[in-house]
Amino acid sequence: MATNMEEMLEDTVLLQCRVNNKPCELAIAPGTTLLELLREEMRLTGTHMGCMTGHCGACTVLIDGEVAKSCITLAATVQRKTITTLEGLKDADGKLTPIQQAFWDEAGLQCAFCAPGMVLTATELLKSNAEPTDDEIRTAMAGNLCRCTGYQSIVRAVRAAARVMKQLK
Amino acid sequence: MPHVNYGRLMPTVYVDIGALPELVGITEKDGEIAIGALTVHRTLQRDAIVCRALPLLAYSAAQVGGGWQVHNRGTVGGNLVAMHPLYDIAPVLLALQADVEIQAPDGVRRAALGKILAETSHGLGTSSLLTRILLKPMTSDAGWAYEKLKITAGSYGSANAAAVVSLSGNKLSTLRVVIGAVSEQPLDASEALHGLLGKPWDAAAGARVESLCSALPKTLLDDQQGDATWRRAMAGVVARRAVQAAVANAQRTSK
């Protein structure tokens, strides 16, 4: 007869991935979302729980460098992948990235509930497009809802970040 | 996943097909383009074959709701088999007269997407797997458009329409229009619009497209995107706009 532990293990998936540059290995229930894993198991609460339908973007993370909504991503599907949350952007000294700094300087965030989506999407955008037009910025940001800024300061922040990153190259 | 998050679906078994490489990628052979079911929307937007031969599909994949986060992870096969009435890809693939390939325990079958959608009310069941979408390249003289009415750039549409046209002089020689997001299933309006073939595209033709397409839905969605009256009206409006844009596209292409 199976023990409780054996039954439990049968109902779990062994997940191996990297989260914010640290190896992660843990047994999870197959239905666990990546959002639940990050917030509840790993206490990475910079990833926000918003709509839970994939609309608002507050739960955004980078999976292998590409933005994804963690509320509609099953954690078991990120096997051997690299996850970066908002907490994982800053360097070891705690210094903000140029994009984070630009959002701070340009008031790109007010309540900051949308910060994961806005900042991480800008990160993916500026990696592939160093000088995006305003239209390209707005298109890239379309998967994120902000209820404070009216979006103008967000576009300004991304433009400012692009300028700084160009100077740093 | 939204249904799972809100407890409307409670799966007891999860099967991850994400690691099957055979289901990913786009190939072109013998005049036919095959798109693996796990190809994500972002790939459709940027793939050289799709951008050259199926520009309508490349464009519409960028209009899928949810933004880059969904485009990076959401697959063309998932978009189809979810059979969600507000999803963007089915109307476009119907306008492009796509076939689909389905793997079942008794073998592989190929069928027109329209036939599959008509046969099934939700999904393909638990024993079948959508493997590929098969399409002919669009003709070089084709004009195309995908119009979507939506409240934000990343949201679901309250009506959408895909149109493919070709012109002979200033007259319509091909006209395919499929309307989505107004009924449970996409509505192929091409037959209803047959009478416009051989006629010039002008304001009167546009008004005819609008009235015929508004009259087409037998049942209408009535949800957060808009009530049934709105949906019926917008079915016509979005179809007219799509044909108008497709004609303009064809005229540009022919210059």
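Is Arg231(B) buried or exposed? Arg231(B) is buried, with a relative accessible area of 0%. The legends below take you through this residue and several other spots in the structure, which is a predicted model.

**Figure 1. A salt bridge joins Asp223(B) and Arg231(B).** The side chains of these two residues come together with N and O 2.7 Å apart. The partners sit in unlike surroundings: Arg231(B) has a relative accessible area of 0% and is buried, whereas Asp223(B), at 32%, counts as partly exposed. As a reminder for this and the views that follow, side chains of opposite charge can pair when their charged atoms come close.

**Figure 2. Chain A meets chain B.** On the chain A side, 31 residues take part in the contact, and on the chain B side 19 residues do. Together the two chains bury about 1900 Å², with carbon and sulfur atoms accounting for 60% of that area. Look also for the polar contacts: ten residue pairs across this interface qualify, with both residues at pLDDT 80 or more. On chain A, the elements that give two or more residues to the side touching chain B are β3 (60-63), β4 (66-69), α4 (115-128) and α5 (134-140). Sorted by class, that side of chain A holds 14 nonpolar, 14 polar and three charged residues.

**Figure 3. Glu124(A) reaches Arg42(B) across the chain interface in a salt bridge.** The closest N and O atoms of this pair are 2.8 Å apart. How many salt bridges are counted between chain A and chain B? The count is one. For the wider setting, a search of the whole structure turns up 14 salt bridges over all chains.

**Figure 4. Two domains of chain B face each other.** Chain B is divided into domain 1, residues 15-135, and domain 2, residues 143-254. Their C-alpha centres lie 22 Å apart. Domain 1 of chain B brings 24 residues to the contact and domain 2 of chain B brings 25. The area buried between these domains is about 1900 Å², and 63% of it comes from carbon and sulfur atoms. Three residues to pick out are Pro85(B), Leu86(B) and Pro91(B), which supply 32% of the area that domain 1 of chain B buries against domain 2 of chain B, more than any other three residues.

**Figure 5. The domain 1 face of chain B, seen by element and by class.** Between the two domains, eight residue pairs are in polar contact, both residues at pLDDT 80 or more. On the side of domain 1 of chain B that touches domain 2 of chain B, helices α4 (55-61), α7 (89-95) and α8 (113-119) of chain B each supply at least two residues. Which of the elements gives the most to this side? That is α7(B), with five residues. By class, this side of domain 1 of chain B divides into 15 nonpolar residues, eight polar and one charged.

**Figure 6. Asp88(B) and Lys148(B) form a salt bridge.** Across the interface of domain 1 of chain B and domain 2 of chain B, one salt bridge is found. The side chains of Lys148(B) and Asp88(B) meet at 2.9 Å, N to O. The pair links distant parts of the chain, 60 residues apart: Asp88(B) lies in the loop between α6 (76-81) and α7 of chain B, and Lys148(B) lies in strand β6 (residues 143-150) of chain B. Asp88(B) counts as buried at 2% relative accessibility, and Lys148(B) is buried with a relative accessible area of 12%.

**Figure 7. Asp134(A) pairs with Arg159(A) in a salt bridge.** Here the closest N and O atoms are 2.8 Å apart. Helix α5 of chain A carries Asp134(A), and helix α6 (residues 152-168) of chain A carries Arg159(A), so the pair links distant parts of the chain, 25 residues apart. Asp134(A) is partly exposed, at 31% relative accessible area, and Arg159(A) is partly exposed, at 31%.

**Figure 8. Gln100(A) in helix α3 of chain A.** This helix spans residues 98-105. Gln100(A) counts as buried because its relative accessibility is 14%, under the 20% cut-off. A polar atom of the Gln100(A) side chain lies 2.9 Å from the backbone nitrogen of Thr97(A). Beyond its neighbours within four places in sequence, Gln100(A) is in contact with Leu86(A), Leu89(A), Lys90(A) and Val119(A).

**Figure 9. A network of salt bridges links Glu32(B), Asp99(B) and Arg110(B).**

How values were computed:
Residues numbered from 1 in each chain as written. Chains lettered and ligands numbered in written order. Predicted model: local features only at pLDDT ≥ 70, side-chain atom pairs only at ≥ 80, totals over all residues. Heavy atoms only, no water. Contact = heavy atoms within 4.5 Å. Buried area = accessible area lost by both parts, 1.4 Å probe. Salt bridge = Lys/Arg side-chain N within 4 Å of Asp/Glu carboxyl O. Polar contact = N/O pair within 3.5 Å; in protein donor to acceptor, adjacent residues only side chain to side chain. Helix = DSSP H or I, 4+ residues; strand = E, 2+ residues; numbered from the N terminus. Nonpolar A, V, L, I, M, F, W, Y, C, P; charged D, E, K, R; others polar. Domains from an automatic or database assignment. Buried < 20%, exposed > 50% of the residue type's maximum accessible area, 1.4 Å probe, protein only.
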